[in-house]
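Reader: Please take one part of this model and go through it closely. I would like the packing of one pair of helices, with enough of the surroundings to place it.

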Amino acid sequence: MSGTNDTNVLSVRGLSIRLATRDGGASVVDDASFDVGRGEVFGIVGESGCGKSVTAYAIAGLLPTPPLRVEAGSVRLGGRELLSASPAEMRSVRGKDIGMIFQEPMTALDPLYTIGEQIAESLEFHSSLDKRAAMEKAIAMLGRVGIPEPRRIAAEYPHRLSGGMLQRVVIAMAMINEPALLIADEPTTALDVTIQAQILALMNDLVGANGMSMVLITHDLGVVAETCDRVAVFYGGHLVESAPVDRIFAEPLHPYTDGLRRSVESIGGAGGKLYAIPGSVPSAGRFGPGCRFHDRCGARVARCGIEAPPTTVLPDGRTVRCWLRGEEA
Amino acid sequence: MRTGSGAERALLEVRGLSKHFPVRSGVFSRVTGSVRVVEDVSFSVGRGETFAVVGESGCGKTTAGRTILRLYEPTAGSVVLGGIDLAALRGEELRKARRGMQMVFQNPYGSLNPRMRVGELLAEPLVAHGIAKGAGAVERVADMMGKVGLSADLAGRYPHQFSGGQRQRVAIARALMCSPSLVVADEPVSALDVSIQSQIINLLQDLRTELGLTYVFISHDLNVVRRISDSVGVMYLGHMVERSATGPLFERPLHPYTEALLSAVPSLDPARRKRRIILSGDVPNPASPPPGCVFHPRCPKAMDVCRSVAPAGSEPEPGRFVACHLYQDPPAPVSAPL
């Protein structure tokens, strides 16, 4: 990873997050570092419980504390440290500098206010626009995210719209203040594939047109391949590998990434037995001291179960957290 | 394809199956209309084969699966399983027939009673159908747990003590306890992580071979469907718009909806980003479907006739059924009412 420089909008360093439990707590994210460049779409991919959503919540200052707590690390947005910011400061960052899109659009919308009121509210909160001007801008934004008859829809309540339309509304709301960074947590997982294709195309267009950066969190490798420039793979709270998207599936370095790729490719292939990673995903708190993937890994050596591997930065900027690769570098 | 080819060896014959739900409104909840959730669906599945029903949410695929099993009463049509017309069965006869057909659901946690131990959950169908009890049942449970890749030592545990993948193995084992011939699996891997999905798909494939099972596999995941099914029916807004052997369907989809659906699947190859048919608009409300072909408002190839006349099915190639005016033979008369 090429250290912090001014082309990076977001810089996360050594982020560790713990979950408080009755028996002393569990490590949910351990020492994760990555950068997101200006105009870049950065994917965070992994299975349930891998720490991908928690990482995003920590960036936006939305971690439910307790039980979750940032233990160490730094999150810098445009050079400004967010982890030490006060709740009031974070409120002015969210919605203005960071826009957020969640899996379920209704978690972001209030059923008792019209679509237009909710989008305009975010504008009024973060700017000096009056109600009327804010509403006009909200209607224009609805048009830009492909809502037909935006003026009529602005006066509707959320329950009148389909899931795909609601997700467009949430995107409009997240982008209305033209934030430098958009965080999208499984934005298309609840949608059908034909609607997913619409929404992904829309997000790509908007990010490209506005020079915005995006962190896209997903479990779907296909979505990553379609949308992202670079990607980080999480497993059991470890960021196991990061690389440009055209490299990571063509030439994965970590055995877990390789296993994921082989699972997905063999589902798409023909005949015979499917490739499957043996075992199941461990839950947080059940990790030993070693590499968190070691008990499912076909390439493990004795050391893997005893000591967690450090993150190795390769000359081309890719990172990998694996003893096998660490030795080579 | 109105007359199923190989009708003699088909285990399951679904003919003209429809399921309409009444719409009630007003103070007295009078029936004021109906939602045609499944409309005139026909297909047959050979013994030991897998037929996949694919489509997006609300297309009627789950209702079709449940109506086949008589979990819902069909509004019209027939379902013949192993030569017996299920729609005509009542009472005890229906109960007996149910032994031969089972369902696996998407969410194993929802279909397993959390207060029962796994051993009890698996023995229950045996006792309910009077197949075995006591030591005999325990032995069969242990045997089935082995078949689905669970250690028999786990029989004393409760569902919450298992991972998602293991719970789906339990649900599959329970469905198979009465040795059914037909299993309707409704999105059986959709709730599972990618690395676990492959394990469960392999298990379903192995069991099909080992026990000679026939599957109706309901899914929205086209990659999974391509992998495991012998033939596929594509549903849109209650209608089966295309039906074909799996290979030809994926290589050369005929219906414009199938084509768009296939092209919408994200690919691992970043170079494929460009070639995409993006459908505009949403799936219409099934309570007020559009006139003519139900797909015409979103269809990139819609013609005048599509707006007013519902396409009758045709068989442009042997074994391929498609309901689309593009394939009407002879070409549909363009004498739409003026």
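Author: The answer starts with the helix pair and then moves outward.

This is a predicted model, in which local features need pLDDT of at least 70 and side-chain atom pairs count only at pLDDT 80 or more, while totals for chains, interfaces and linings use all residues. Residues are numbered from 1 along each chain as its sequence is written, and chains are lettered from A and ligands numbered from 1 in the order in which they are written.

The pair is helix 4 (residues 118-128) and helix 5 (residues 134-147) of chain B, whose axes lie 9 Å apart at an angle of about 120°. Helices here are DSSP runs of H or I with at least four residues, strands are runs of E with at least two, and both are numbered from the N terminus. The axes are lines fitted to C-alpha atoms, for helices over the stretch in contact, and the angles run from 0 to 180 degrees between N-to-C directions. Helix 4 and helix 5 of chain B are therefore oblique to each other; angles under 35 degrees count as roughly parallel, over 145 as roughly antiparallel, 65 to 115 as roughly perpendicular, and the rest as oblique. The crossing of helix 4 of chain B past helix 5 of chain B is right-handed, the near helix being turned clockwise from the far one by less than a right angle.

On the side of helix 4 of chain B, the contact is made by G119(B), L122(B), A123(B), L126(B) and V127(B); helix 5 of chain B supplies A137(B), R140(B), V141(B) and M144(B). Two residues are in contact if their C-beta atoms, placed from the backbone, lie within 7 Å. By class, this contact has seven nonpolar residues, one polar and one charged. Ala, Val, Leu, Ile, Met, Phe, Trp, Tyr, Cys and Pro count as nonpolar, Asp, Glu, Lys and Arg as charged, and the others, Gly among them, as polar.

Chain B also has residues with backbone angles worth a check. D40(B), in strand 2 (residues 30-46) of chain B, has a positive phi of about 55° although it is not a glycine. D40(B) counts as partly exposed because it has 17 C-beta neighbours inside 10 Å; 20 or more other C-beta atoms, placed from the backbone, within that distance make a residue buried, 12 or fewer exposed, and a count in between partly exposed. S179(B) is not a glycine either, and its phi is positive at about 50°. It sits in the loop between helix 6 (164-176) and strand 7 (182-186) of chain B, and S179(B) is partly exposed, with 14 other C-beta atoms within 10 Å.

Next comes the contact between the chains. Chain B gives 31 residues to it and chain A gives 37. On the side of chain B, the elements that give two or more residues are helix 7 (194-211), helix 8 (222-228) and helix 10 (256-264). Helix 7 of chain B has the largest share there, seven residues. That side of chain B divides into 13 nonpolar, ten polar and eight charged residues.

Chain A, the partner, has eleven helices and twelve strands. Of its 329 residues, 48% count as buried. In chain A, cis peptide bonds join T65(A) to P66(A), with omega about -20°, and P66(A) to P67(A), with omega about 5°. P66(A) lies in the loop between helix 1 (52-59) and strand 4 (68-77) of chain A.
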